[in-house]
Structure formats: structure tokens, C-alpha cells
Amino acid sequence: MDVKVLAEAQKRGHEQVNFFYYPRFGLKAIVGIHNTVLGPALGGCRMRMYENESQAIDDVMRLSEGMTYKSSMAGLDLGGGKSILFADPAMSEGRREMFLKFAECLNHLNGRYITAEDMGTSVEDVMVMREITKFAAGYSMEKGGSGDPSPWTARGVFQAMQAACERRYGSKELKGKTVTVQGVGHVGMYLLEILKEAGAKFVVCDTNEASLRVAKEKFGAEVVSTDAIYDVQCNIYAPCAVGQTVNPQTIGRLKCDIIAGAANNQLLDSSLYAPIEEKKILYCPDFVINSGGVISVGGEYIEGGWNKNWVTQKVMAIYNTTHRVLDESERRKKFPEVVSIELAKERIKEAEERKLSRR
Ligand SMILES: NC(=O)c1ccc[n+]([C@@H]2O[C@H](COP(=O)([O-])OP(=O)(O)OC[C@H]3O[C@@H](n4cnc5c(N)ncnc54)[C@H](O)[C@@H]3O)[C@@H](O)[C@H]2O)c1
């Protein structure tokens, strides 16, 4: 793989890509700012030992573009961005200094990009950055931040499940429906709580035995192996672990009517659109329905600071948004994921035109 920054920016429509290199502080970072028409580009900071530069560039460009569509579809006044740090996520020595330096870099960007926790980074890292920048989000509730985004993500996914059930079965009731929850980590476990309350049945899997015990003891979940999950006859398959679990090896095995889960990038690629449609599975695009987390984190930047009512309202709106996506998918005769990107771009275009007309 040989990824070229400018070619990639042109292909994906990035506004700005920044490289920061301060070897004295162990800082080697890339910040991708995809689009800021709706507002500052918000997106997490990944820390990873990338195998090579192309892999890092590909990650930051792809993920920052994805954030643009996620925030747009969530109705947020935020754009899409993402950052990556070339470093070992387990590093402890020099970690604080590196994050302080990175925070200084964010100040240079003057709010065009707001970072947050992501793979390899933690709330503690965010708190370090907060010492010198206000452009780091997702900090603790005790400090006035939004806290753990996972319960919000789970609530949003549930809203989408209700909308999909309404379309498929004529009622949004999940009572008596069977949901396979792949991964009972932060989001998956909150989802079980909501599903139980709604009277749904669930079958779960995870690689972590301790989580499975909690799912079984606290919520009465039925447990199957990580491979057997694909063969379970169910109404909804909810991927809540890792990406790309819907792929040529698994699609033939899935026995569900609906796919709706929290994981990012659930489909390996667009070659899965046709088999999903052939199986008459309703696919709820991941980035549309897992936006509860970014809504909550983004809530730190609204006037007056984070507030529960505002976040609740936006997360509940995922129900209507899912309906809209599925309606438009039928009307435009396009796969829900394709339509969602179109709708996200349309909102941005309208905002841009409004801005330009005021000039
Ligand atoms: N946390 C959020 O608010 C949020 C927001 C948007 C998207 N997501 C996405 O949702 C997914 C879950 O997020 P999370 O915060 O709950 O993560 P998490 O790490 O807390 O939970 C993931 C769980 O999946 C399990 N797992 C890993 N590999 C597995 C496999 N092959 N089969 C079954 N289980 C496996 C892990 O043991 C863990 O319990 C991730 O893909 C994440 O990117 C999360």
C-alpha cells in the first residue's frame, strides 16, 4: 500500500492535513481535518505503532472523513477530523510530555480540530491535554465533562433498532425479539440493559470471559462462541465488538432480518451491499446509529456546556434519522450506507451555500 497525502486529500475532499514532528517530546502526529463547514472538526486521537507511513495516513484520512458524515447525520454543528500518534499505546515514560506537546499543537490549530479519546488513548491523556488546551473533549463528568460516551451510544443503537423493527414488522416493539450482541464491552453491556428492559431476548458472545459472566449473571444472557454467533437465528444482529464482521465468510451464515450495532465499519466493503440486499436484510448504517457517543462528547462545546436534555434529544433523534435513511434508500434505490453519505453531504452543501450567500 502506498498512500499519497495530496492524492488522498483530493480523493476524499480534505481541507487540511497537518504533520507535527517534535522528536524531543516523542511526538510524531498527523491531524486530518476533513471538513469544517458545519463546525470544528471533532474526532478521536489514535495512538498506535503503525507499520509504515501509508498505513497511518490511510487511517487518519479515512477516519476523519467518516467523522464528517457521522456528525452531519447526527445533526451536530461539528465537522470531521481525526488524529493519529505514531507511538506505543502502552508507553508510560514521557507520555505526559508528549500529550502536553500535542495539546500545544492543537492550540496552534486554534479550534479547527478538537480531539478526544480513541484507540490507545485514555481519558487521563485527555485530562493532561486539557491542562493547556480547550480543544480536547470527552473528559470526566466530575470536571464538568461528558463522561463515558458508551451509554449514549447504546441508547442511539436501540433507537435505530426500534425504527428498523417498525419498518420490518410494523411495530417498534422489541418485546419477544431476539438480538445477537457480538461483544459485551462498554456499549454492548449497556445495550443488554436496555434490551432487557424492552423485553427482548439476547444471545451474546465475547472473547472476554469476565464480561460474559456479567452478561449471564446480571442480564440472563445466553452465551455462544465467537464463531457460533453468526449462525444464531435472530431478528437483529448487533455487531458491538470489532469492524468488518460482515464479510464474504459470514454473510452467508447470518440469519437475521436487521443489522444494527455499534461497531464502526461493520461491512468489509461495498461488495457486501448486494448480498445483504439479496438476503432482504435491513442494514442500519453504523456511523448513523452509533453517533450517541460523539453527540455526548460534542455536547461539551454547546453554549452553556454539556447538558443531559440536549444530548438525550439528539440521541433520541437517531430513531427518526434511521427511518429517514431507510425511506430514502427505498426512494433512491440505493443501499442505506450510500444514501447516508449522500444525505450527510447534502446537509453540508446546504450549510455551505447559506454561509456563502451571507458573504
Ligand atoms: N464506546 C462508544 O461510545 C462507541 C461509539 C461509537 C462506536 N463504538 C464502537 O463500538 C464497538 C464497541 O465499543 P466499546 O466501547 O464497547 O468497546 P469495548 O472495547 O469496551 O468492547 C468491545 C468488546 O468486544 C469484545 N471483543 C473483541 N473481539 C471480539 C470478537 N472477535 N468477538 C466477540 N467479542 C469481541 C471485547 O472483549 C470487548 O468486551 C467498537 O467497535 C467501537 O469502535 C463505540
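**View 1. In this predicted model, strand β6 (residues 113–116) and strand β7 (residues 136–137) pair in the parallel sense over two bridges.** Within this pairing, Thr 115 has Ala 136 of β7 as its bridge partner. Strand β3 (residues 41–42) also pairs with β6 in the parallel sense, again over two bridges, and here Leu 42 stands opposite Ile 114. Both faces of β6 are covered. Tyr 113 and Thr 115 lie on one side, Ile 114 and Ala 116 lie on the other, and all four are buried. In a regular strand, side chains alternate between the two faces of the sheet.

**View 2. Strand β11 (residues 236–239) has buried residues pointing both ways.** Ile 236 and Ala 238 point one way from the strand, whereas Tyr 237 and Pro 239 point the other way. Strand β8 (residues 178–182) pairs with β11 in the parallel sense over four bridges; within this pairing, Gln 182 has Pro 239 as its bridge partner. Strand β12 (residues 258–259) and β11 pair in the parallel sense as well, over two bridges. In that pairing, Ile 236 stands opposite Ile 258 of β12.

**View 3. A shell of 24 residues surrounds the ligand.** The residues that come nearest are Gly 183, Gly 185, His 186, Ala 241 and Gly 293. Two elements, α5 (150–169) and α6 (186–197), each give two or more residues to this shell. The largest share, three residues, comes from α6. By residue class, the shell around the ligand comprises nine nonpolar, 14 polar and one charged residue.

**View 4. The largest nonpolar core holds 108 residues.** The members that touch the most other members are Phe 102, Val 157, Leu 191, Ala 260 and Cys 284. Helix α5 gives the most to this core, with nine residues. Domain 1 (5–68 + 77–137) and domain 2 (150–291) each supply at least three residues to the core. When residues up to four places away in sequence are not counted, Phe 102 touches Leu 27, Ala 29, Leu 85 and Met 129.

**View 5. The domain assignment of the protein chain gives two domains, domain 1 (5–68 + 77–137) and domain 2 (150–291).** Domain 1 is thus listed as two segments, 5–68 and 77–137, while domain 2 is listed as 150–291. The C-alpha centres of domain 1 and domain 2 lie 30 Å apart.

**View 6. Helix α1 (residues 5–12) lies largely in the open.** The helix has eight residues, and the number buried is zero, so α1 lies largely in the open. Gly 13 follows α1 and has a positive phi, near 85°.

**View 7. Tyr 50 is found in the loop between β4 (45–48) and α2 (53–73).** Because Tyr 50 has 19 C-beta neighbours inside 10 Å, the residue counts as partly exposed; the buried class begins at 20. Leaving aside neighbours within four places in sequence, Tyr 50 is in contact with Gln 55, Ala 56 and Phe 86. Asn 35 lies 15 residues from Tyr 50 along the chain, and the C-alpha atoms of these two residues are separated by 25 Å.

Methods
Residues numbered from 1 in each chain as written. Predicted model: local features only at pLDDT ≥ 70, side-chain atom pairs only at ≥ 80, totals over all residues. Near = placed C-beta within 6 Å. Nonpolar A, V, L, I, M, F, W, Y, C, P; charged D, E, K, R; others polar. Buried ≥ 20, exposed ≤ 12 C-beta atoms within 10 Å, placed from the backbone. Pairing = 2+ DSSP bridges. Core = buried A, V, L, I, M, F, W, Y, C linked by C-beta atoms within 7 Å. Domains from an automatic or database assignment. Contact = placed C-beta atoms within 7 Å.
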